[in-house]
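Reader: I would like to go through the terms used for this model and ask what stands behind each of them.

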Amino acid sequence: MTLRLVEFVVAGNEASDLLPVRSAALLRAYGARRGFWTVLDEGPVERCLALLLEREDGEWTALHVLADAGVENGRTEDGEALAHHDGWVYVFGSHFGSKAGPLRPRRAFVARFREDDAAAGPVPVHVVRNSFRLHRAVNDALAASPLTLLPAGERVRERFIVETLARGTVREKSWVSRLAPDDLPLNVEAAAFTPTGTVLLGLRFPVTDAGEPILVEVAGVPGMFTADRAWPRALGAYVLTGVTPPGQLTGFRAITPTVDGGYAAVIGSIDALGKGSVLLDDHPGGGEVTSRHVRFRLTGGEAGDGRRLVGEQVADLAPFHHVEGVAELDGRSFYVTDEDHRVALWVG
């Protein structure tokens, strides 16, 4: 596959995920024929929304979107996954921590905003920090599934779970009751809503003992944003088979629905090389893995049975190790890569 590079500088930061713009009003406001949302790394979500737009004349431009999270301004970090549902754009935090741990409560959040609101003025963003409730629900679903998971490793368990529990206990945080010593740290990197309104969360970690990537289906995410707030529940887990080379460890990097009712995804390394990852200290085979563009469909049965989804490879994206988003639009493939101090959009 031959790819064309379009480079942007957006607030001096790199991008995660790639979500096609659906709002006609938003595209008209900027004179664009197509566009994508992306979320910038590390900062609070209200400072990390950006648009990548193709103008009617074919020129590309990037826009750092002004947003306001109200009382939650400055209280989140590390937005990783974007998804559409019912006119809203949802942003999912990684629910993970820094490369050396511990878990960070600021990353355990979901936010949403009306896409049409981005056509004019600062965008109101509603943020819900879940204080590890989603961590608990997903860990319980994984434990109840028949999947055999790759053990975290002693250093990972110590840095991400034991140290988080210790810090929370010293600070008398109520969320310590939602962590258990045998939990696995979650790294949420991808999300897509299903036609029934549930969400498929793609995990970069954990993976199965065969190194294959895992999806967890979660219900009730919109209920987090209602006046009588209801917390989401995990329905069960899936494993994506047939796309992980023997001896490698691959996690999800991105997921997007396709027009035929299936899903496209990017799978790749379980963490980045050369950045002090404790996860790679325990699992060194999980870093030197290039990205792959794959497709799959949900099949019959209940998610709770740990059912196996058969994947199909669309493209080997080697030598890229760091593809963070994928979109299939108008018969073309679009990718965004994690680059230092720039946003790199690749057009197939």
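Author: What follows is a short exchange on ring pairs, a charge over a ring and a sheet in this predicted model.

Reader: Why is the pair of tyrosine 90 and phenylalanine 193 called tilted?

Author: The ring centres are 4.9 Å apart and the planes meet at 55°; since pairing requires centres within 6.5 Å, and planes neither under 30 degrees nor over 60 degrees apart count as tilted, the term applies. Tyrosine 90 lies in strand β8 and phenylalanine 193 in strand β12, so the pair ties together parts that are 103 residues apart in sequence.

Reader: What makes the pair of tyrosine 90 and phenylalanine 225 edge-to-face?

Author: Here the angle between the planes is 80°, with 5.7 Å from centre to centre, and because an angle over 60 degrees counts as edge-to-face, the pair is named accordingly. Both tyrosine 90 and phenylalanine 225 are buried, and ring pairs link Tyr90, Phe92, Phe193 and Phe225 into a cluster.

Reader: How do you know how far the charged end of arginine 112 sits from the ring centre of tryptophan 88?

Author: The computed distance is 3.8 Å, and the charged end sits over the ring; the distance cut-off for such a placement is 6 Å, so that part of the criterion is met.

Reader: Why are β2 and β5 called edge strands?

Author: The open sheet has the order β2-β3-β4-β5 with antiparallel pairing, and β2 and β5 each pair on one side only. β2 and β3 share four bridges, and because at least two are needed for strands to pair, they qualify.

Terms used. Residues numbered from 1 in each chain as written. Predicted model: local features only at pLDDT ≥ 70, side-chain atom pairs only at ≥ 80, totals over all residues. Heavy atoms only, no water. Phe/Tyr/Trp six-rings, centres within 6.5 Å; stacked < 30°, edge-to-face > 60°. Helix = DSSP H or I, 4+ residues; strand = E, 2+ residues; numbered from the N terminus. Buried < 20%, exposed > 50% of the residue type's maximum accessible area, 1.4 Å probe, protein only. Lys NZ or Arg CZ within 6 Å of the ring centre and 35° of its normal.
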